[in-house]
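Reader: I would like to go through this structure with the criteria in view, asking of each label why it applies.
Author: Then let us take the labels in turn and set each value against its rule.

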Amino acid sequence: MYRLFLAIRYLLTRPINLLGMGGIAISVWALVVVVSLFSGVMAVIERHVQEAGADLMVTGLPEWAEWSRVDSALGDDPNVAATAPRLLHYGLLLRPGERPPTPPLPGRSALNGGDQPFLFVLGIDPDKEREATEFERWLGSADIPPALRVPDPDAPLADRDGTPTVLVGLDRMQREGYAIGDRLRLTTARLVPGEGGGKTPVRLELDLVVGGAYRTSHGGFTGNNVFVAYSTLARALFPDRGDPVQEVAVRVHDQTQLDATAERLQRTVHRAVERDGLGFGQVETWRQRNGQMLANVAHQRTLLKIVLIVILVVAAFLMLATLSMTVTEKIADIGILTAMGGTPGGVTLVFLASGLVITFVGVLLGLTTGVLTSVYLEEIRQGVLWAFGVDLFRLDTYNLTRVPYLIEPIWLLQVTLMALVTGLVVSAIPALRAARHDPLVSLRGV
Amino acid sequence: MTAVLQARAITKSYAIGKREIPVLRGVDLDLHAGEKVALLGASGAGKSTLLHLLGLLDRPTAGEVRYDGRPVQDLSVAERALLRHRQVGFVFQFYHLIPELTALQNVLLARMMGTTVFGYWRQRRRARSAGVAMLEQVGLGERLHHRPAELSGGERQRVAIARALLAEPRVLLADEPTGNLDSETAQGVVELMFSIQRERDLAFLLVTHDEQLAARCDRIVRMKDGTIQGSRPGDVQPEDSAQAD
Ligand SMILES: Nc1ncnc2c1ncn2[C@@H]1O[C@H](COP(=O)(O)OP(=O)(O)O)[C@@H](O)[C@H]1O
Ligand SMILES: [Mg+2]
């Protein structure tokens, strides 16, 4: 008991020890807040890419691939719940006669974008797509104003007055001022076999009519892709082929078996799409497809963790300095405490207790303020925006309404342990010096 | 009746480099309950060393220290600390109060030793009133919340006495307790210690340079060159001096 009591009295009479405590608290705070923010962003990205994609995607199918063969091969797998064929093309989508500006071209998996006329055109079968992806939700998104909603969600891509329909991302619709029924022209090219085995691009123009808006939470996907009917694109690109397919969206029954299913389906696809002993097509889970992006964020998070742990160590050095001062000043008390009935070793624990009190209070402060800060990040962002005009976090980058955070108990535990161990080590150093001090030296007087 | 505290043929030497410097060369001493013994001797005679050995702060090089007839050299560090806590009160020349604590806290520290946080919490009221009573007994009822820096030398030594006695030890070891005080203040401190000693029937060993003060004790022990010279005023014990050489 006397140790804790003395440790606290020593600390209270030496406010300089607040430095070390503050250092520990700040570094723990930062470790909690920064990592919670990054984890929150990662969770958001995962949610968004998952919502805008299928569980599994088969991509890279050659132009001679047949949907009927691929579909029946995939359908044999026990974990496949639904499949949907996609044709993938690209082009400029403009009002007839409009001349586009020259824009930068972002990658297809950019987090946001869609502000250039060059885009990807997905030929889909709405009924199958509905089964394999969240297509239904994309059309029904609450963000879409009634005037831009697809009038007949059961047949969203039905021709209007004989003209094929196109579904455009909500942001693009609003930016370009498209209304349902507006006529657009897709300007693109297709490759036709030329003389000598080569391929020649041939200009291809498709007249389309706007059928309505869709929206996924993945801004990059919504911005850069438009939907037309599978049959429209098939007719235009493969006029003499019955059932071409370039990509397949696959929904599985059991999400936990996703990776195993992907490996299995990879073999299935290679068997089904094979020529001269070579299998074509690639099967990826939604996580693999976006793995690079998620890995990038995770990498940044790791770097920040390292930087912040270094700060924790610096704070510990600060603590070491002030604790050493305390020990130097108070080492003489060891004598009388021993005389009063302490064991020499036990008495030096007073100094260890001092360090541990600093660490405990620092960690506790850091954890509580860290968790509170994480929870109220959005309020803090707004406060800073209001007071300084600085936006600390661009919500529209991720299509968010508030700053994301994800408090992982495991991480809190890790931070606590890390700080406690650091604090323990740093407290032990001066305490050991005290332990080597002979209590009798101070009792004998000067 | 066995003495509370006994020293038998105690020797103590310190190693300075390769040389062994003998400080105590065979000391025998008995201390009974209710007995006041004065320990006189020139500076450097080994008085403090003996006191530390008797109070279990240090171990003799050879010989035995006994509490109630029981040798203590085989006890563990923790057992010796507990014995020290229960049986011995120390008063030193330089008070050794902890400057961060008030007079009352300094005294209560004696009660906190040897209990857990919860153990102390349960008895905190009793402990506090015992501490206050103790400080009132040494005449510092008005100084409970003063820090050592706010107290005079005499008052500090009174706090130290209160602290030494709070755990109700049977032995009081005082190492030149008045060495730092003017004679008038010293007088007061001595009277206080004597009265408490009487009241509690303590075995009291008083190291001092003051012959007059020593004369008021039941017995005087003189130390010279690490041996006991006599145990009654003016008395020299021949067998002790023979042992010394
Ligand atoms: N730790 C030590 N190392 C070496 N010599 C010591 C040590 N402590 C005390 N001494 C020596 O022991 C002798 C007795 O000291 P002490 O018991 O303090 O004498 P007194 O209290 O009678 O003045 C002195 O000569 C002192 O120098
Ligand atoms: Mg001395």
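**Labels and their grounds**

Author: S5(A) gives the most to the lining of the largest pocket, with five residues. The model is a predicted one, and the volume of this largest pocket is about 410 Å³.

Reader: Which residues lie nearest the centre of the largest pocket, and how many residues line it?

Author: The lining holds 18 residues, and those nearest the centre are Glu63(A), Arg190(A), Leu191(A), Leu237(A) and Phe238(A). Two or more lining residues come from each of strand S2 (80-94) and strand S5 (183-193) of chain A.

Reader: What makes a residue such as Leu191(A) count as nonpolar and Arg190(A) as charged, and how is the lining divided by class?

Author: Leu is on the nonpolar list and Arg on the charged one, so Leu191(A) falls in the former class and Arg190(A) in the latter. By that scheme the lining of the largest pocket has eleven nonpolar, two polar and five charged residues.

Reader: Turning to the two chains, why is the pair Glu100(B) and Arg14(A) called a salt bridge?

Author: The side chains of Glu100(B) and Arg14(A) meet at 2.7 Å, N to O. The rule asks for a side-chain nitrogen of Lys or Arg within 4 Å of a carboxyl oxygen of Asp or Glu, and therefore the pair qualifies. Across the interface of chain A and chain B the rule finds two salt bridges, and it also finds eight residue pairs in polar contact, both residues being at pLDDT 80 or more.

Reader: Which elements give two or more residues to the side of chain A that touches chain B?

Author: They are helix H1 (2-12), helix H12 (333-339) and helix H16 (439-443) of chain A, and H1(A) provides the largest share, six residues. By class, this side of chain A has 14 nonpolar, seven polar and five charged residues.

Reader: How many residues does each chain bring to the contact, and what area is buried?

Author: Chain A brings 26 residues and chain B 31, while the buried area is about 2500 Å², with 71% of it given by carbon and sulfur atoms. Of the area that chain A buries against chain B, Met1(A), Met340(A) and Arg444(A) supply 26%, more than any other three residues.

Reader: Within chain B, why are Glu155(B) and Arg143(B) said to be in polar contact?

Author: Their side chains are joined at 3.1 Å, and the limit for a pair of N or O atoms is 3.5 Å, so the distance meets the rule. Glu155(B) is found in helix H6 (residues 153-166) of chain B, and, leaving aside residues up to four places away in sequence, Glu155(B) touches Leu140(B) and Arg143(B).

Notes
Residues numbered from 1 in each chain as written. Chains lettered and ligands numbered in written order. Predicted model: local features only at pLDDT ≥ 70, side-chain atom pairs only at ≥ 80, totals over all residues. Heavy atoms only, no water. 1 Å grid on protein atoms, 1.4 Å probe; cavity = no way out; pocket = protein on both sides within 12 Å on 5 of 7 lines; lining within 4 Å. Points joined across faces, edges and corners; volume = space filled by probe spheres on them. Helix = DSSP H or I, 4+ residues; strand = E, 2+ residues; numbered from the N terminus. Contact = heavy atoms within 4.5 Å. Buried area = accessible area lost by both parts, 1.4 Å probe. Polar contact = N/O pair within 3.5 Å; in protein donor to acceptor, adjacent residues only side chain to side chain.
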